[in-house]
Amino acid sequence: MTALETPPADEPLGAVVARCNAALEDFLERAREHAAQDSADPVASRDELRRLLRLLGEVDRADAPMVVRAIRRVVARFDGDGVM
């Protein structure tokens, strides 16, 4: 993470973007694995959805898309589990 925060001054923008995308994909993959473990527990999923809905009302506009994506992942788990 430190390398993303302080890239070398001569590093091309494309390289920085590629590293950021790789770090983001790694994070999302770990989050998906964690979510897959939680999907067996509808109470945990429901609680997570409630938490995200509260968070959506509190975050800055710039951060809202991240929360919306997280909400969509939870809803997709419900849909995939046949709950909806």
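User: In this predicted model, how many residues does helix 3 have, and what does it reach from its first C-alpha to its last?
Analyst: Helix 3 runs over residues 42-58, which gives it 17 residues. At 1.5 Å a residue you'd expect 24 Å, and the value in this predicted model is close to that. From first C-alpha to last, helix 3 reaches 25 Å.

User: Which residues of helix 3 are buried, and on which side do they sit?
Analyst: The buried residues of helix 3 are Ser45, Leu49 and Leu52. Because they cover an arc of only 65 degrees around the axis, they end up on the same side of helix 3. As a rule, an α-helix has 3.6 residues a turn, so residues three or four places apart point the same way. So the buried names are Ser45, Leu49 and Leu52, on the same side of helix 3.

User: And which residues are exposed on the other side of helix 3?
Analyst: Flip helix 3 over and you get to its exposed residues, on the other side. They are Arg54, Gly57 and Glu58.

User: Is Leu53 of helix 3 buried, partly exposed or exposed?
Analyst: Leu53 lies in helix 3. Exposed would take over 50%, and Leu53 comes in at 49% relative accessibility. So Leu53 counts as partly exposed.

User: How far apart in space are Leu53 and Ala70?
Analyst: In sequence, Leu53 and Ala70 are 17 residues apart. In space, going C-alpha to C-alpha, the distance between Leu53 and Ala70 is 9.8 Å.

User: Which residues form the largest nonpolar core, and which helix gives the most to it?
Analyst: The largest nonpolar core has six residues: Leu49, Leu52, Val67, Ala70, Ile71 and Val74. Helix 3 and helix 4 (64-80) each supply at least two residues of this core. With four residues, the one giving the most is helix 4.

User: Which residues does Val74 touch, leaving out those up to four places away in sequence?
Analyst: Val74 is one of the residues in the largest nonpolar core. Leaving out residues up to four places away in sequence, Val74 touches Ser45, Glu48, Leu49 and Leu52.

User: How many salt bridges are there, and which residue does Arg19 meet in one?
Analyst: Side chains of opposite charge can pair when their charged atoms come close. The count here comes to three salt bridges. Arg19, partly exposed at 27% relative accessibility, meets its partner at 2.9 Å, N to O. That partner is Glu11.

User: What about Asp26 and Arg30: how far apart are their closest N and O atoms, and how are the two placed in helix 2?
Analyst: Asp26 and Arg30 are four residues apart in helix 2 (residues 13-38), so about one helical turn separates them. Asp26 is partly exposed at 42% relative accessibility, and Arg30 is partly exposed at 48%. Asp26 forms a salt bridge with Arg30, and their closest N and O atoms are apart by 3.1 Å.

User: Which residue meets Arg46 in a salt bridge, and at what N to O distance?
Analyst: Arg46 is partly exposed, with a relative accessible area of 37%. Its partner is partly exposed too, Asp47 having 38% relative accessibility. The cut-off for a salt bridge is within 4 Å, and the side chains of Arg46 and Asp47 meet at 3.6 Å.

User: Zooming out, how many helices and strands does the protein have, and what pattern does it follow?
Analyst: The protein has four helices and zero strands. Read along the sequence, the pattern is α-α-α-α.

User: What share of the protein's residues is buried, and how much area does the protein expose?
Analyst: Of the 84 residues in the protein, 15% are buried. Carbon and sulfur atoms supply 58% of the exposed area. The total the protein exposes is about 6400 Å².

Notes: Residues numbered from 1 in each chain as written. Predicted model: local features only at pLDDT ≥ 70, side-chain atom pairs only at ≥ 80, totals over all residues. Heavy atoms only, no water. Buried < 20%, exposed > 50% of the residue type's maximum accessible area, 1.4 Å probe, protein only. Expected span 1.5 Å × (residues − 1). Arc of directions from axis to C-beta. Areas by Shrake-Rupley, 256 points an atom, 1.4 Å probe, with all protein chains shown as cover. Core = buried A, V, L, I, M, F, W, Y, C linked by side-chain atoms within 4.5 Å. Contact = heavy atoms within 4.5 Å.
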